[in-house]
Amino acid sequence: MPFDLRRFDIYRKVPKDLTQPTYTGAIISVCCCLFIIFLFLSELTGFITTEIVNELYVDDPDKDSGGKIDVNLNVSLPNLHCDLVGLDIQDEMGRHEVGHIDNSMKIPLRNGDGCRFEGRFSINKVPGNFHVSTHSATAQPENPDMTHVIHKLTFGDTLQAHNVHGAFNALGGAERLASNPLASHDYILKIVPTVFENMKGKHQYSYQYTVANKEYVAYSHTGRIIPAIWFRYDLSPITVKYTERRQPLYRFITTICAIIGGTFTVAGILDSCIFTASEAWKKIQLGKMQ
């Protein structure tokens, strides 16, 4: 007796003349196909779209930075001349720099009565401060006006990810134009290291920060202290990591198979129940007629 491979067919076919089409079955079949298409498109959208997974850990993520953090500062002082504006940097490692000028630019405002300071500089990864003041000016003004608008203050790289939301420029847009012109402003920053890993495994290192602020007029035994805009910072030991991921292909295929198989199974059960109930009702009606 020759070997017949068809014996292993678990999907036996039923001749068409042994099947019976119904209107109910047609409606269920159309609804079933539309439902499958809807779920398929939903899963396809989820498969194409990347998701961001975040985690927390204690470590210094950017060990190749040499213990430095890049800072971008952009601030306008509408009532202080550019010749008086300067940037000073201090920290607990002994750094004390007055009138930092590298990678900085001063743009006159209001016909020279005001100034916009833009600078890019680095700070050490230790507690410290940097401040905008008149300390580096050749001659100190009698009443320096420190009212200001902060356009940008960021640390580290600018993340190239639209779906990562965080406080990377928490002071952007902060304005103190209605403040006491002779007051100093303290911005106390808690800097949180942040890592972003994209789909290709490339890392970007940035920093988020929280901020608290106070405004005050300071005095000493010699009189009123020259006002300044202080940014006092400290680093958090906690690092936030964002990882860009996409759903694996095998999971997408598994989900699609589950959708198709489950939908057809449920639709088949529903159609069978309706057909059985319909046939039973017909028999009851025939019995009443006889």
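In the predicted model described here, R110 is found in the loop between β5 (104-109) and β6, and its backbone has a positive phi of about 50° although R110 is not a glycine. N111 lies in the loop between β5 and β6 as well, and its phi, near 60°, is likewise a positive value in a residue other than glycine. Most residues other than glycine have a negative phi. In terms of solvent accessibility, R110 counts as partly exposed, at 49% relative accessibility, a value that does not pass the 50% above which a residue is called exposed. N111, by contrast, is exposed, with a relative accessible area of 83%.

Strand β6 (residues 114-124) also carries C115, one partner of a disulfide whose other partner, C82, sits in the loop between β2 (68-77) and β3 (86-91). The structure holds one disulfide, and in this bond the sulfur atoms of C82 and C115 are 2.3 Å apart. The link of C82 and C115 is right-handed, with 100° about the S-S bond. The two cysteines are 33 residues apart, and the pair thus links distant parts of the chain. Both C82 and C115 are buried. C33, on the other hand, is in no disulfide, the nearest cysteine sulfur being that of C32 at 5.5 Å; a disulfide is counted here only for sulfur atoms within 2.5 Å, and the separation of C33 and C32 therefore does not qualify. C33 is partly exposed, with a relative accessible area of 39%. For C257, the closest cysteine sulfur is again that of C32, but it is 15 Å away, which is too far for a bond.

The aromatic residues form a further set of contacts, and the structure holds eight aromatic pairs. In one of these pairs, the rings of F155 and Y209 have their centres 5.4 Å apart and their planes at 80°, so the arrangement is edge-to-face. F155 belongs to strand β8 (residues 149-156) and Y209 to strand β11 (residues 203-216), and the pair, with its members 54 residues apart, links distant parts of the chain. Both partners fall below the 20% limit for burial: F155 counts as buried at 0% relative accessibility, and Y209 counts as buried at 1% relative accessibility. F155 and Y209 also take part in a wider arrangement, in which ring pairs link F121, F130, F155, Y187, Y209, F231 and Y233 into a cluster.

Charged side chains are placed over aromatic rings at two further positions considered here. The charged end of K214 sits over the ring of Y216, at 5.5 Å from the ring centre. In the case of R232, the charged end sits over the ring of W230, and the distance to the ring centre is 4.4 Å.

Strand β8, which contains F155, also contributes to the surface of the largest pocket, giving the most to its lining with three residues. About 160 Å³ of space lies in this pocket. The lining consists of 13 residues, and of these T154, D157, T158, L159 and F168 lie nearest the centre of the pocket. When the lining is sorted by class, it has five nonpolar residues, seven polar residues and one charged residue.

Two pairs of positions that are far apart along the chain were also examined for the separation of their C-alpha atoms. E43 is found in helix α1 (residues 23-48) and counts as partly exposed, at 25% relative accessibility. The C-alpha atoms of E43 and I259 are separated by 9.7 Å, although these two residues are 216 residues apart along the chain. V58 lies in strand β1 (residues 51-58) and is exposed, with a relative accessible area of 62%. Between V58 and I238, which are 180 residues apart along the chain, the separation of the C-alpha atoms is 4.8 Å.

Definitions and conventions: Residues are numbered from 1 along each chain as its sequence is written. This is a predicted model: local features need pLDDT of at least 70, side-chain atom pairs count only at pLDDT 80 or more; totals for chains, interfaces and linings use all residues. Side-chain values use heavy atoms; hydrogens and water are left out. Rings of Phe, Tyr and Trp (its six-membered ring) pair if their centres lie within 6.5 Å; planes under 30 degrees apart count as stacked, over 60 as edge-to-face and the rest as tilted. Helices (H or I, at least four residues) and strands (E, at least two) are DSSP runs, numbered from the N terminus. Buried means under 20% relative accessible area, exposed over 50%, partly exposed in between (1.4 Å probe, protein chains only). A charge sits over a ring if NZ of Lys or CZ of Arg is within 6 Å of the ring centre and within 35 degrees of the ring normal. On a 1 Å grid over the protein atoms alone, a cavity is a set of points where a 1.4 Å probe fits but cannot get out, and a pocket is an open set with protein on both sides within 12 Å along at least five of seven lines; lining residues have an atom within 4 Å of a point. Grid points are joined across faces, edges and corners, and a volume is the space filled by probe spheres set on the points. Ala, Val, Leu, Ile, Met, Phe, Trp, Tyr, Cys and Pro count as nonpolar, Asp, Glu, Lys and Arg as charged, and the others, Gly among them, as polar.
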